[in-house]
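Please look over the sequence and the structure shown here before reading on. The report is written for someone meeting this structure for the first time.

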Amino acid sequence: MPGYRTFFREFRRHFHTTGAVLPSSRFLASALARYVRRGVEDDVSGGRRILEVGPGTGSVTDRIVAALRPDDRLDLVEVNDEFVALLRGRFETEAPLQAVADRVRIFHQRVEEMQQEEPYDLVVSGLPLNNFSAEAVEQILDVFAELLRAGGRLSFFEYIGIRAMRTLVSGKAERQRLRGIGAALGSVLSRHEIRRQAVWMNVPPAWVHHVEFPPRPTRGVAP
Ligand SMILES: C[S@@+](CC[C@H](N)C(=O)[O-])C[C@H]1O[C@@H](n2cnc3c(N)ncnc32)[C@H](O)[C@@H]1O
């Protein structure tokens, strides 16, 4: 319950970045963690590097942690101070999270500012993309592609019908923003989506998109 209270308070204080009244249901969280559970066909032996973006109070984090293999490492990147404090406390005090805490890092910053290290095998995002500008969504999708290794997978969600509904009740500028987001997402999904799943047991119901980014073209080396 403290998690729910914090989430609702942060929804009211920071609607733009929180983007939801309630944390994801366990059904949505489980769908988002699909490839953490199942792995990726070409998983190399040894641990995987996993990034969760926008963990909030940790409802998806719980599912990811439950599916971690012994050598996996998990990074969390969260912009909101209250959520970061709550998550740090949870990793110190809750047994399932404590058990993996030495393989988890929490970055208190925007994902757009993450430094490139070794590429990630999986990125799981809870960002409320439909709240952002079209340019911000394009930038975030580029950042995800840069952070992932070739063949790495991105899982993210959006609420079903949310853009269509908002478009019906919005003015020109807002409709243009929503069209821009649709175009940015459509450009990635039409080329790289490998699976889409509807999750009805969530408030509101959501699509979960799974994307596999192809190898980036390598530049020819001058002789
Ligand atoms: C819709 S909530 C999802 C929370 C949680 N993953 C869940 O499903 O219940 C969006 C989360 O993304 C975080 N967030 C928003 N913009 C961000 C950014 N640019 N970088 C990192 N986190 C961000 C918010 O603070 C919030 O925790």
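What follows describes the surroundings of the ligand and then one histidine, H210.

## The ligand and its pocket

The model is a predicted one, and the distances and areas given below are computed from it. The space that the ligand takes up is the largest pocket. Taking part in the shell around the ligand are helix 2 (15-18), helix 5 (59-66) and strand 2 (73-78), each of which supplies at least two residues.

There are 24 residues around the ligand, and those that come nearest are T18, S24, G54, E78 and E112. Sorted by character, the residues of this shell comprise 11 that are nonpolar, nine that are polar and four that are charged.

## Polar contacts of the ligand

E112, which is among the residues that come nearest to the ligand, has a polar side-chain atom 3.0 Å from a nitrogen atom of the ligand. V111 contributes through its backbone, where an N or O atom lies 3.0 Å from a ligand nitrogen atom, while a polar backbone atom of G56 is 3.3 Å from an oxygen atom of the ligand. The ligand taken alone exposes 600 Å², and 98% of that is buried by the protein.

## The histidine in strand 7

H210 belongs to strand 7, which covers residues 206-212. Is this histidine buried or exposed? H210 counts as buried because its relative accessibility is 0%, and the cut-off for that term is under 20%. The side chain of H210 also makes a polar contact with the side chain of S155, at 2.7 Å.

Methods:
Residues numbered from 1 in each chain as written. Predicted model: local features only at pLDDT ≥ 70, side-chain atom pairs only at ≥ 80, totals over all residues. Heavy atoms only, no water. Near = heavy atom within 4 Å. Polar contact = N/O pair within 3.5 Å; in protein donor to acceptor, adjacent residues only side chain to side chain. Areas by Shrake-Rupley, 256 points an atom, 1.4 Å probe, with all protein chains shown as cover. 1 Å grid on protein atoms, 1.4 Å probe; cavity = no way out; pocket = protein on both sides within 12 Å on 5 of 7 lines; lining within 4 Å. Sits in = over half its atoms within 2 Å of the grid points. Helix = DSSP H or I, 4+ residues; strand = E, 2+ residues; numbered from the N terminus. Nonpolar A, V, L, I, M, F, W, Y, C, P; charged D, E, K, R; others polar. Buried < 20%, exposed > 50% of the residue type's maximum accessible area, 1.4 Å probe, protein only.
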